[in-house]
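This report describes how a sheet, a helix and the nonpolar cores are arranged. Please keep the sequence and the structure in view while reading.

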Amino acid sequence: MGGTNVWDAEWEVNEEQARTLIGRQFPQLSSKQVKRLGWGWDNTVFLIGDEYVFQFPRRTIAVGSIRMEGKLLPKLEAYITIPYPKPLFYGEASDEYPAPFLGYAYVLGDFPIGLTEERRALSAETLAKFLRRLHEFPVQAALKCGVQQDHRNLTDIASRKVKLEGFLSKVVEHLSPEESGVIEAYISGLQKDRVEAVNALLHGDLHFKNMLVNENGIVSGIIDWGDLSVGHPACDLSVAYSFLPPYARGVFFETYGGADEETKLLARLIAVYIPILILMQAVDDGNEAIAAEAKSNIMRALSD
């Protein structure tokens, strides 16, 4: 496919460059080992020693979100009830590297891949409390920090449905007939074109690649806050469908403080939409473990 993917980078940073850039601005870190942890669509991430993580934007579009994270994440401390990466080192753009970069406290944990339904259910209250508090953060204060407001048209179900059909056609050969049948039936059953707008501060990208769990499988960290935005809470509440088994959703919504039918409808849609995007990228990368997890997220989201 090469060259046309939405996740291709504008600039790459390797371990050697990261070590130089960090050492130059933060000499106290220059003796520490630098190891690439991975990359998302927007950032390359390095582990510094075993206590810090540095994020370097891979594209111009990510620069604004690095600046915004640096401003807003420290203000969220009193609201966030699960460990998250707090910004500690603010790297400036230079001749060597054209963008600001950010160093955070490293959050420990494993990605929740291949967990049993029983283990997932253990996090229902933890996740609901986390989102209840996060969604209580004053929207105006967030907007002052440069957060974008509903830049993804979350409430527009009709256009998301069309996109979903397009994504499905790209990955259909990687799904079983049962899986694609369930997804197709779900998409064709979506009758509503849009839901009423609601504004809350959102993590904005809450899925298994941005969540960490401890040795008992309980959520112990929420990472990658580059999509912090203001919009419909259903975006984050999608974890009730993608992450939690159906029988744990009641306690989740009860703890969160309830959600109306429109919110639940949109949350379920996003719980299918995000893992289909992850599946597309995993297929492209040849990553079978991530592809399998994405599929199981979709099927869980569509089960009652």
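A residue is called buried when its relative accessible area is under 20%. The model discussed here is predicted. By that definition helix H2 is mostly covered, with seven of its ten residues buried. The buried residues are Val63, Ser65, Ile66, Met68, Glu69, Gly70 and Leu72. They pack against E2, E3, E4 and E5, and also against helix H5 (139–144) and strand E7 (200–202).

H2 spans residues 63–72 and lies across E2, E3, E4 and E5, running at about 40° to E5. These four strands belong to an open sheet of five, whose order is E1-E2-E3-E5-E4 and whose pairing is antiparallel. Strands E1 and E4 form the edges, each pairing on one side only. On average, neighbouring strands of the sheet are turned by 25° against each other, direction ignored.

| Strand | Residues |
|---|---|
| E1 | 34–39 |
| E2 | 43–48 |
| E3 | 52–57 |
| E4 | 87–91 |
| E5 | 101–105 |

Strands of a sheet pair through backbone hydrogen bonds. Between E2 and E3, which run antiparallel, there are six bridges. Val45, for instance, has Gln55 in E3 as its bridge partner.

The largest nonpolar core has 78 residues, and Leu72, Leu76, Leu201, Trp225 and Phe252 have the most contacts inside it. Helix H11 (residues 261–285) supplies the largest share of this core, 14 residues. A second, separate core of 17 residues includes Trp11, Val13, Leu29 and Ile48.

Leaving aside neighbours within four places in sequence, Leu201 is in contact with several residues, among them Leu72, Leu76, Phe137 and Val230.

Note on methods:
Residues numbered from 1 in each chain as written. Predicted model: local features only at pLDDT ≥ 70, side-chain atom pairs only at ≥ 80, totals over all residues. Heavy atoms only, no water. Pairing = 2+ DSSP bridges. Helix = DSSP H or I, 4+ residues; strand = E, 2+ residues; numbered from the N terminus. Axes fitted to C-alpha atoms, helices over the stretch in contact; angles between N-to-C directions. Contact = heavy atoms within 4.5 Å. Buried < 20%, exposed > 50% of the residue type's maximum accessible area, 1.4 Å probe, protein only. Core = buried A, V, L, I, M, F, W, Y, C linked by side-chain atoms within 4.5 Å.
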